[in-house]
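User: Hi, I'm new to this one and would like a relaxed walk through it. Could you put the structure up and take my questions from there?

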Amino acid sequence: MTLNKVSIASKLWLAIVFLLGAMLAIGSLTLYRSHVIEARAVDSLTRTQALVRKAEHWKATTEASVKLGMASAVALDGSVTKAFKENLDNDRFRIAKLREELTKEADTPEDKALMKEVAAKGAQLLATALETAKIAEAGNLDAVLTAIKTAYEPATAAYLHSIDQFAKAQQRKNEAAQAAAVDAGRAVMGLAGAGGLVVLALG
């Protein structure tokens, strides 16, 4: 009788130890998987948020710069144009740096295609700006205004639109990353729930 009692007690202890071991193993696996899932989601969210901020800053800086460029073209006074030139040069430096950073960081096929389009529109705008500057050097204000209206403004709009498309693409990626983070949280909860069911089943 005593042996039977000891045997039953031993079995109970073995069952408890087994369940505790299973709970520990499942808990560890769940914790590891949740850490991996959440880390990936946070990394993606952080990167896309940074891209959105840079893209929006790029667009705003570029828009301000091209408006200043238009004002410089209209200002036929050499001293005024010279004052504008320093600001324009600073803007170009900042814009070029932002574009370089974004080119390195935004590496999806869609991003590369959009950046290629931005580069093409930017080249067109630069050519138009140089042509407008040549017209301005002649001192004919009417000719300058016509060039701005028929060429400079459309080229500017096309360039800003291409940057805007890039910025919107980064926003979509950010929204997708946010959705992925929510899904990651659900996945972690699902793992925890599945682990609990396994333990109950083993019990």
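User: Let's begin with the basics: what percentage of the residues of the protein chain count as buried?

Analyst: Keep in mind that this is a predicted model. A residue is called buried when its relative accessible area is under 20%. Among the 203 residues of the protein chain, the share that counts as buried is 29%.

User: And which pattern does the chain follow along the sequence?

Analyst: There are 4 helices and 0 strands in the protein chain. Reading along the sequence, then, you get the pattern α-α-α-α.

User: What percentage of the contacts between residues at least 6 apart join residues at least 24 apart?

Analyst: Start with the contacts in the protein chain between residues at least 6 apart in sequence. Pick out those that join residues at least 24 apart, and you have 83%.

User: How much of the accessible surface belongs to carbon and sulfur atoms?

Analyst: The protein chain has an accessible surface of about 12900 Å². The part belonging to carbon and sulfur atoms is 64%.

User: I'd like to hear about aromatic rings. Which residues form an aromatic pair, and how are they arranged?

Analyst: Searching the whole structure turns up 1 aromatic pair. W58 and F166 form that pair, with 5.9 Å centre to centre and 75 degrees between the planes. Angles over 60 degrees count as edge-to-face, so the arrangement of W58 and F166 is edge-to-face.

User: Why does that pair tie together parts far along the chain, and how many residues apart are they?

Analyst: W58 and F166 are both buried. W58 sits in helix α1, residues 2-74, while F166 sits in helix α4, residues 141-202. Because the two rings come from those two helices, the pair ties together parts whose separation in sequence is 108 residues.

User: Which helix gives the most to the largest nonpolar core?

Analyst: That core has 25 residues, and W58, L102, L125, I148, Y159 and F166 touch the most other members. Each of α1, α2 (78-105), α3 (109-137) and α4 supplies at least two residues of the core. With 10 residues, the helix giving the most is α4.

User: Which residues does I148 touch?

Analyst: I148 is one of the core residues that touch the most other members. Leaving out residues up to four places away in sequence, I148 touches M70, A73, V74, T132, E153 and P154.

User: Now the largest pocket: where does the largest share of its lining come from?

Analyst: The largest pocket holds about 900 Å³ of space. It is lined by 31 residues, and the closest to its centre are L88, R92, L126, A129 and Y152. All four helices, α1, α2, α3 and α4, supply at least two lining residues each, but the largest share, 12 residues, comes from α3.

User: Is A129 buried, partly exposed or exposed?

Analyst: A129 has its place in helix α3. Its C-alpha atom is separated by 9.8 Å from that of E153, 24 residues apart along the chain. The relative accessible area of A129 is 22%, and buried would need under 20%, so A129 is partly exposed.

User: Last one: what is the C-alpha to C-alpha distance between E56 and A167?

Analyst: E56 lies in helix α1 and is partly exposed, at 47% relative accessible area. Along the sequence, E56 and A167 are 111 residues apart. In space, their C-alpha to C-alpha distance is 6.1 Å.

Methods. Residues are numbered from 1 along each chain as its sequence is written. This is a predicted model: local features need pLDDT of at least 70, side-chain atom pairs count only at pLDDT 80 or more; totals for chains, interfaces and linings use all residues. Side-chain values use heavy atoms; hydrogens and water are left out. Buried means under 20% relative accessible area, exposed over 50%, partly exposed in between (1.4 Å probe, protein chains only). Contact means heavy atoms within 4.5 Å. Accessible areas come from the Shrake-Rupley method with a 1.4 Å probe; for residues, only the protein chains shown count as cover. Rings of Phe, Tyr and Trp (its six-membered ring) pair if their centres lie within 6.5 Å; planes under 30 degrees apart count as stacked, over 60 as edge-to-face and the rest as tilted. A nonpolar core is a set of buried Ala, Val, Leu, Ile, Met, Phe, Trp, Tyr and Cys residues joined through side-chain atoms within 4.5 Å. On a 1 Å grid over the protein atoms alone, a cavity is a set of points where a 1.4 Å probe fits but cannot get out, and a pocket is an open set with protein on both sides within 12 Å along at least five of seven lines; lining residues have an atom within 4 Å of a point. Grid points are joined across faces, edges and corners, and a volume is the space filled by probe spheres set on the points.
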